[in-house]
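Reader: I want to learn how to read a fold. Please take me through it step by step.

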Amino acid sequence: MKTNQVLLIGYVGKDPQTTQTTKGSKRICIRMATHYRRSNTAGEPSFQTVWHNVVAWDQKAEYAERNFIKGSKILVEGVIDYRNYPDKLGHTRYVTEIRANSLLNLDR
């Protein structure tokens, strides 16, 4: 049983960015928006947008590179990763990412 699993359906916010490591692995970063309905203080329906950083590696990265553009409706299944690193000034920066185990373009 997986205890850290996330399933998202949403839209690509900008064209995915691909990089390659020095060892030859391909990495793609996808900025993804999901929406959910909620009511405002007057009781009127509105939508809340949440932005996610999705990272995919190797074959999944190649699939995303070929099939995703800004505005694509996608499905992402993966796990949440938390990491931190020191910036140039020595401040600790915190990053939350979704590491994709599977990706699917829902436009097709």
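Author: Two strands pair if DSSP finds at least two bridges between them. Helices (H or I, at least four residues) and strands (E, at least two) are DSSP runs, numbered from the N terminus. The model is predicted: local features need pLDDT of at least 70, side-chain atom pairs count only at pLDDT 80 or more, and totals for chains, interfaces and linings use all residues. Residues are numbered from 1 along each chain as its sequence is written, and side-chain values use heavy atoms, without hydrogens and water.

Reader: In what order do the elements of the chain run from the N terminus on?

Author: Count the elements. The chain has one helix and six strands. From the N terminus on, their order is β-β-β-β-α-β-β.

Reader: Which residue takes a positive phi in the hairpin of strand 2 and strand 3?

Author: Strand 2 covers residues 17-20 and pairs with strand 3 in the antiparallel sense, over four bridges. Two of the partnerships are Thr18 with Ile28 and Gln20 with Lys26. Five residues sit between the strands of this hairpin, and the one with a positive phi, near 100°, is Gly24.

Reader: How many bridges join strand 3 to strand 4?

Author: These strands also form a hairpin with five residues between them, where Gly43 in the turn has a positive phi of about 85°. One bridge partnership is Arg27 with Trp57 in strand 4. The strands run antiparallel, and the number of bridges that join them is 13.

Reader: Which residue in strand 3 stands opposite Tyr11?

Author: Strand 3 has a further partner. Strand 1 runs antiparallel to strand 3, joined by two bridges. Opposite Tyr11, in strand 3, stands Ala33.

Reader: How many residues does the largest nonpolar core have?

Author: Two terms come before the count. Buried means under 20% relative accessible area, exposed over 50%, and partly exposed in between (1.4 Å probe, protein chains only). A nonpolar core is a set of buried Ala, Val, Leu, Ile, Met, Phe, Trp, Tyr and Cys residues joined through side-chain atoms within 4.5 Å. Ile30, Val54, Phe68, Ile74, Val76 and Leu103 have the most contacts inside the largest core, whose number of residues is 16.

Reader: Which elements give two or more residues to this core?

Author: The list has one helix and several strands. The elements are strand 1 (6-12), strand 3 (26-39), strand 4 (45-57), helix 1 (58-67), strand 5 (73-86) and strand 6 (92-105).

Reader: Which residues is Val76 in contact with, leaving aside neighbours within four places in sequence?

Author: Contact means heavy atoms within 4.5 Å. Val76 is among the core residues with the most contacts inside the core. Its partners beyond those neighbours are Val6, Leu7, Leu8, Met32, Val54, Ile98, Ala100, Ser102 and Leu103.

Reader: How far apart are the C-alpha atoms of Leu75 and Trp51?

Author: Leu75 lies in strand 5. Not counting residues up to four places away in sequence, Leu75 touches Leu7, Leu8, Ile9, Ser102, Leu103, Leu104 and Leu106. Trp51 is 24 residues from Leu75 along the chain, and their C-alpha atoms are separated by 14 Å.

Reader: Within what arc do the buried residues of helix 1 fall?

Author: The buried residues of helix 1 are Ala61, Ala64 and Asn67. They line one face of the helix, because seen down its axis they fall within an arc (taken from the directions from the helix axis to the C-beta atoms) of 145°.

Reader: Which residues are exposed on the other side of helix 1?

Author: Take the covered residues as a start. Strand 3, strand 4 and strand 6 are among what covers the buried residues of helix 1. On the other side, the exposed residues are Gln59 and Arg66.

Reader: Why is the pair of Tyr63 and Phe68 edge-to-face or stacked?

Author: Rings of Phe, Tyr and Trp (its six-membered ring) pair if their centres lie within 6.5 Å; planes under 30 degrees apart count as stacked, over 60 as edge-to-face and the rest as tilted. The structure holds one aromatic pair. The ring centres of Tyr63 and Phe68 are 5.8 Å apart and the planes stand at 85°, so the pair is edge-to-face.

Reader: What is the relative accessible area of Phe68?

Author: Compare the two ring partners. Tyr63 counts as partly exposed, at 24% relative accessibility. Phe68 is buried, and its relative accessible area is 3%.
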